[in-house]
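Colleague: Please take one part of this model and go through it closely. Then place it within the rest of the chain.

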Amino acid sequence: MVETASAAIQARITELRHLLQKASYAYYGLDAPMMEDAVYDQLYHELVDLEKHHPQLITADSPTQRVGERPATQFVSVEHRIPLYSLENAFDPQDMETWDERWRKLTPTLKTEIHYVTELKIDGSALALTYEQGLLVRGTTRGDGTTGEDITQNVRTIRSIPLRLNTEDPPDWLEVRGEAFLGLQVFEQINRDRNQAGEVPFANPRNAAAGTLRQLDSQVVAQRQLDFFAYTLHLPDPTSDLSLPKTQWQALETLQQLGFRVNPNRRLCPSLAAVAQYYQDWALQRLDLPYLTDGVVIKLNDLAVQQALGFTQKFPRWAIAWKYAPEEAATRIEEITVNVGRTGALTPVAIFKPVQLAGTTVSRATLHNRDRIAELDIHIGDTVVVRKAGEIIPEVLRVLPELRPPHAQPYPMPTVCPSCGQPAVQLDQEAVTRCVNASCPAILRGSLIHWVSRGALDIDGLGEKWVTQLVESHMVQSVADLYELTNEQLMGLERMGEKLAEKIVGAIATSRQKSWSRVLYGLGIRHVGSVNAQLLTAQFTRVEDLMAADEGAISAIHGIGSEIAQSVYTWFQTPGNQTLIHRLQTSGLQFSVQTPPSTYPQPLSGMTFVITGTLPTLKRDQAKTLIEAVGGKVTGSVSQKTSYVVVGAEAGSKLTKAQSLGVPQLSENDLLKLLPPIVFR
């Protein structure tokens with residue numbers, strides 16, 4: 001039954017929306033948070049509760065409406081009001097000079113000196129966002145430049161895209177263009193989750209972003225935490241009080257004022273030589289960014305000149321992308337080995353003569369599965385071209401068959417597990433070959449490595465080398481056996497000293513306090529990554545509830561599909577797994593949601609930190625957790641808004657930029673002095 005809303009309730013809902021929208025603008029548009037996350041969450045949940053009891057008051061621009069629509073069945077094609085073309089590419093200074101001469105010939109009467117706006121070219125997917133009366137009404141993909149797909153439902157999940165513009169007098173219509181992308185940390189976590197769930201990882205952040213935007217289920221899109229940088233503003237309506245920008249630089253500032261994230265690493269250049277300097281400045285600095293960039297975008301600053309130049313059949317005449325050369329290298333396949341993961345998946349890995357790529361030495365790359373091997377037609381001894389996909393993951397790009405040795409043989413996927421010698425199974429609906437022997441040492445080893453990993457139980461000191469010894473010595477045959485290890489047993493391992501044994505036993509003991517969601521993730525159930533584990537434990541706050549749930553109850557959770565539900569249900573119905581749960585409960589592991597700790601003091605509220613280099617004792621994630629727990633924010637790049645840069649050994653370009661901007665630096669010891677005496681779980 002819908003409750004009648006009093007004037008006071010209506011006013012409170014309006015106030016909450018205004019506060020949350022203002023906070024989002026401060027966070028994403030200004031990079032200057034106005035409230036702690038805990039305060040935002042409290043206000044957000046109050047709004048959720050009020051709208052739940054008064055659904056007639058829900059509006060499209062409410063912050064609660066970013067996620068929750070039913071999965072789409074298909075995407076509708078939409079014609080772009082203004083062409084959304086890609087950019088012409090330049091690869092060297094000569095290409096840039098040719099472009100510059102060409103546009104100048106088309107404007108022979110131009111008397112004013114033109115400046116150039118340079119921005120980093122974000123490696124993502126272009127979006128066109130339409131606002132009417134200040135409200136987001138449509139988000140579309142680039143498509144072929146004239147027609148794209150309406151993905152509004154997914155666009156609304158991106159928190160750096162405002163649902164309502166930050167202006168009291170919006171125009172009737174405006175359109176914003178920009179790039180949706182995945183940050184590197186988010187991308188790496190997605191791929192870790194996919195690996196742990198037995199799914200094929202994404203090749204690079206660009207593909208992951210594009211695939212995410214075309215997901216039919218917006219719940220999945222929301223989980224992947226896409227980000228967005230705006231770079232173009234179309235504002236044809238001159239009747240609004242919103243001042244019309246006359247330059248690209250002013251347009252970027254207007255976009256930021258309207259509530260959008262605009263890349264801070266932009267520059268207004270008076271000459272082509274200054275453009276070239278910007279390009280060179282970022283050739284190496286870009287490797288320190290928290291997202292991928294594959295070049296520099298150059299636009300003429302004067303919007304009237306842009307309008308006069310217009311478009312070719314493919315590109316705008318007033319802009320160009322100066323691309324960085326992709327790093328590729330040719331090398332020879334020396335052998336192909338097979339790794340067996342904790343899900344039993346047999347993954348072929350190419351071992352090749354070491355080559356330098358993106359500043360590191362690379363000698364191996366995954367070949368994924370039988371389909372990829374067949375697609376490449378790979379033979380041992382082949383000369384292949386390798387690259388770092390997205391400058392992160394080494395991959396074999398293609399084979400050079402003309403250089404194939406005369407007696408080279410194609411590589412066949414093994415029919416038996418290389419670890420235990422039992423038959424490997426190839427299911428018709430999968431490209432993955434699997435070992436299904438539950439006693440396989442490789443599966444046990446993979447399960448243990450996953451259990452002790454940072455995202456799961458985070459057992460510091462118990463690395464891959466020690467896990468391998470524990471398995472080979474038969475000292476550990478289940479994750480539950482870890483909780484029965486003693487110092488004396490560990491000291492029996494090769495090169496294990498007393499201090500390290502004590503450290504590991506202590507870390508194992510500490511892991512008993514990890515949350516129920518981490519324990520569920522650590523169990524390594526197929527298709528259950530860290531995000532799905534959080535969704536499941538939020539609904540099933542005790543393991544007994546999850547064990548008693550049927551597939552329908554599990555799949556009813558938003559974001560949990562039928563395939564995941566079947567996997568979870570089957571896992572918990574297996575007697576051996578039930579025995580494992582009982583042993584872990586007896587060992588003191590957390591299998592229910594615990595009452596959260598009291599709120600910590602927030603002495604670093606409003607401060608922004610950047611961490612660079614290797615700290616003496618803290619890992620970077622640990623330092624980030626400490627800062628954020630007491631109100632601070634940690635970002636990946638230095639700007640004038642950065643409060644402090646925390647500097648460790650071998651600090652790179654971030655330190656140089658901090659020095660040039662006069663940003664104060666802290667050592668690890670200085671940072672610890674800023675923190676109150678807090679005990680972190």
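Modeller: What follows starts with one sheet, then turns to a second sheet, two loops and the whole chain.

First, the ground rules. This is a predicted model, with residues numbered from 1 along each chain as its sequence is written, and side-chain values use heavy atoms, leaving out hydrogens and water. Local features need a pLDDT of at least 70 and side-chain atom pairs count only at pLDDT 80 or more, while totals for chains, interfaces and linings use all residues. Here pLDDT is the predictor's confidence in each residue, from 0 to 100.

Now the sheet. Four strands form an open sheet with parallel pairing, in the order β20-β19-β21-β22. Its edge strands are β20 (633–635) and β22 (665–666), each pairing on one side only. Strands (E, at least two residues) and helices (H or I, at least four) are DSSP runs, numbered from the N terminus. Two strands pair if DSSP finds at least two bridges between them.

Look at β19. Strand β19 covers residues 608–612 and runs parallel to β20, joined by 3 bridges. T608 has K633 of β20 as its bridge partner. Further along, V610 stands opposite T635 in β20.

Two helices pack on this sheet. Helix α22 (residues 620–629) touches β19 and β20, and its direction makes about 170 degrees with that of β19. Helix α23 (residues 653–661) touches β19, β21 (644–647) and β22, at about 135 degrees to the direction of β19. Such touching is contact, meaning heavy atoms within 4.5 Å. The axes are lines fitted to C-alpha atoms, for helices over the stretch in contact, and angles run from 0 to 180 degrees between N-to-C directions.

How much of β19 is buried? 5 of its 5 residues are. Both faces are covered: T608, V610 and T612 lie on one side, F609 and I611 on the other. Buried means under 20% relative accessible area, exposed means over 50%, and partly exposed lies in between (1.4 Å probe, protein chains only).

Next, the second sheet. This open sheet has 5 strands in the order β2-β11-β10-β3-β9, with mixed pairing. β2 (89–90) and β9 each have a single partner strand, so one side of each is left without a neighbour in the sheet. Strands β10 (residues 293–300) and β11 (residues 319–323) pair antiparallel over 5 bridges. One residue pair across them is V296 and its bridge partner in β11, W322.

Helices pack here too. α8 touches β3 (116–122), β9 and β10, and its direction makes about 50 degrees with that of β3. Helix α9 (residues 272–285) lies across β3, β9, β10 and β11, at about 25 degrees to β3. Helix α8 spans residues 248–257, and its buried residues are Q248, A251, L252, T254, L255 and Q256. G259 follows α8, with a positive phi near 115 degrees.

Two loop residues deserve a look. Most residues other than glycine have a negative phi. D458 has a positive phi of about 50 degrees although it is not a glycine. It lies in the loop between α12 (441–452) and α13 (464–472). At 28% relative accessibility, D458 is partly exposed. H474 also is not a glycine and has a positive phi, about 60 degrees. Its place is the loop between α13 and α14 (487–491). H474 is exposed, with a relative accessible area of 59%.

Now the whole chain. It has 24 helices and 22 strands. Its radius of gyration is 27 Å, close to the 26 Å that the globule rule gives for 681 residues, so the chain is as compact as a globular protein of that length. That radius is taken over C-alpha atoms, and the rule is 2.2 Å times the number of residues to the power 0.38. Buried residues make up 47% of the 681. Among contacts between residues at least 6 apart in sequence, 69% join residues at least 24 apart.

Last, confidence. The chain averages a pLDDT of 84, and 90% of the residues score at least 70. Among the elements, helix α2 (residues 37–53) has the lowest mean pLDDT, 70, and strand β9 (residues 267–269) the highest, 96. Over residues 68–73 the pLDDT is below 50, and this stretch has 12 contacts in the model beyond near neighbours in sequence. Where pLDDT is low, the predicted coordinates should not be read in detail.
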